[in-house]
Amino acid sequence: MDTTTTLLVAGAVVAAVLLAVALAVLVRLVRTRRTLRRAGLPTGPRWVFWGAVAYLLLPTDLLPDPIYLDDIAVLLLALRSLRTARPLPPGPTES
């Protein structure tokens with residue numbers, strides 16, 4: 001095999017692994033969305049959580065990406081706001 005073929009195979013393997021990881025993260029995010037909806041949390045903490053997820057995924061950060069302290073701090077604050085949020089009172093039941 002020559003160098004070009006080796007690079008193409010390596011690139012295909014890396015792309016397949018990244019796709020698998022992206023799909024796994026997508027499945028977890030959908031499950032998290034369902035869990036938040038079922039928990040009956042007010043809209044504010046849910047938006048904070050999804051904003052933190054978006055901040056984690058966006059390419060621009062307060063600190064360069066090798067230093068994940070800002071990402072960790074944003075996620076911790078979002079999780080803290082979810083933890084301290086009080087569930088909405090149950091709505092009227094339909095008969």
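Is threonine 35 buried, partly exposed or exposed, and what is its relative accessible area? Threonine 35 comes out as partly exposed, at 47%, where partly exposed covers the range between buried (under 20% relative accessible area) and exposed (over 50%), with a 1.4 Å probe and protein chains only. The model here is a predicted one, so local features need pLDDT of at least 70 and side-chain atom pairs count only at pLDDT 80 or more, while totals for chains, interfaces and linings use all residues. Residues are numbered from 1 along each chain as its sequence is written, and side-chain values use heavy atoms, with hydrogens and water left out.

On the whole, the protein chain is a helical affair: three helices and zero strands, giving the order α-α-α from the N terminus on. Helices (H or I, at least four residues) and strands (E, at least two) are DSSP runs, numbered from the N terminus. Of the chain's 95 residues, 13% count as buried.

Helix H1 spans residues 3-39 and has arginine 33 in it; threonine 35 sits in helix H1 too. The side chain of threonine 35 gets to 2.9 Å from the backbone oxygen of arginine 31, a polar contact (a pair of N or O atoms within 3.5 Å; within protein, one must be able to donate a hydrogen and the other to accept it, and residues adjacent in sequence count only if both atoms are side-chain atoms).

Then there are the surface patches. These are built from residues with over 30% relative accessible area and no salt bridge, joining like charges within 9 Å and nonpolar side chains (Val, Leu, Ile, Met, Phe, Trp, Tyr) within 5 Å. A salt bridge here is a side-chain nitrogen of Lys or Arg within 4 Å of a carboxyl oxygen of Asp or Glu, and areas come from the Shrake-Rupley method with a 1.4 Å probe. Arg28, Arg31, Arg33, Arg34, Arg37 and Arg38 form a positively charged patch on the surface. One of them, arginine 33, is partly exposed at 43%. Val9, Val13, Val17, Val21 and Val25 make a nonpolar patch of about 390 Å². Valine 21 belongs to helix H1 and is partly exposed, at 47%.

Helix H3 (residues 69-84) holds leucine 82, and alanine 78 lies there as well. Leucine 82 counts as buried because its relative accessibility is 13%, and alanine 78 does so at 1%. Across the chain, the C-alpha atoms of leucine 82 and leucine 36 are 9.0 Å apart, with their positions 46 residues apart along the sequence. For alanine 78 and alanine 52, 26 residues apart along the chain, the C-alpha separation is 6.3 Å.

Note on methods
Lys and Arg count as positive and Asp and Glu as negative; His and the chain ends are not counted. The place of a charge is taken as NZ of Lys, CZ of Arg, CG of Asp or CD of Glu.
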